[in-house]
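Here's a quick briefing for anyone opening this one up for the first time. Take a look at the sequence and the model before reading on.

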Amino acid sequence: MGGKEEFYIEYFQQPGRAEAEIEPDVRGWLLGFYYCASGDAPAPPAGSTMATIPHGGMMRDRLTVPEKLPGWLTAEDLDFYVSEFERAGLTGGLNRYRNVDRDWEDLAAFAGQPITVPSLFVGGEKDGPTRWGGAAIANFSKTLPGLRGSHVLSGCGHWVQQERPREVNELLVNFVKGL
């Protein structure tokens, strides 16, 4: 998916690499990452995306740190996230990306099988995975026969529950009530 550049999942897979980039300035990196993946960030210049990194480059070079916090991110929340990552490090979170090959192995027995339990999809219109996953979302009637709703929130980015808490909570409550 990275084309001539390195896709972010590959970038995060080498132990120590992303940590070395992030740990000197956890606050600045997190703020840039949160902002750039949100619906508030302006569209990147043509041919540029935070999801890919030039070979030998750093993700930080693709991030924009806003002058003020977006309305959905409080200073207290950012302080908490920063203090937790400074205390515990980033390896635990990044290990999610380092385990993707094992996912394919562990889930091989279920390849092609629909997910039949009741489900709900909520994504952001400006979220990279929602945009890249358009074909999969369009195929939900076959892959998720228990789907009770599919909602792409206009103008929203990756952090749907922070960017649109009222709408997400309303969708979740209605989903649970319908079970």
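What follows covers a helix pair and then some aromatic rings.

Keep in mind that this is a predicted model. Two topics stand out for a newcomer: how helix 3 and helix 4 pack, and the 14 aromatic pairs that the structure holds.

**Helix 3 against helix 4**

- Helix 3 runs over residues 26-36 and helix 4 over residues 75-88, and their axes sit 10 Å apart.
- The angle between them is about 125°, so the two helices are oblique to each other.
- The crossing of helix 3 and helix 4 is right-handed.
- On the helix 3 side, the contact uses Val26, Arg27, Leu30, Leu31 and Tyr34; helix 4 brings Leu78, Asp79, Tyr81, Val82, Phe85 and Glu86.
- Sorted by type, those contact residues come out as eight nonpolar, three charged and no polar.

**How covered is helix 3?**

- Nine of the eleven residues in helix 3 are buried, which leaves the helix mostly covered.
- Among the buried ones are Trp29, Leu30 and Gly32.
- Helix 1 (8-13), helix 2 (17-22) and helix 4 are what these buried residues pack against.

**Aromatic rings**

- The structure's 14 aromatic pairs include Phe7 with Trp132, an edge-to-face pair at 5.5 Å centre to centre and 65° between the planes.
- That pair links distant parts of the chain, with Phe7 in strand 1 and Trp132 in helix 7, 125 residues apart.
- Phe7 counts as buried at 9% relative accessibility, while Trp132 is partly exposed at 37%.
- Phe33 and Tyr34 make a tilted pair, 6.5 Å centre to centre with 55° between the planes, and both are buried.
- Phe7 and Trp132 also belong to one aromatic cluster with Tyr8, Tyr11, Phe12 and Tyr97.

Note on methods. Residues numbered from 1 in each chain as written. Predicted model: local features only at pLDDT ≥ 70, side-chain atom pairs only at ≥ 80, totals over all residues. Heavy atoms only, no water. Axes fitted to C-alpha atoms, helices over the stretch in contact; angles between N-to-C directions. Helix = DSSP H or I, 4+ residues; strand = E, 2+ residues; numbered from the N terminus. Parallel < 35°, antiparallel > 145°, perpendicular 65-115°, else oblique. Left-handed = near helix turned anticlockwise from the far one by under 90°. Contact = heavy atoms within 4.5 Å. Nonpolar A, V, L, I, M, F, W, Y, C, P; charged D, E, K, R; others polar. Buried < 20%, exposed > 50% of the residue type's maximum accessible area, 1.4 Å probe, protein only. Phe/Tyr/Trp six-rings, centres within 6.5 Å; stacked < 30°, edge-to-face > 60°.
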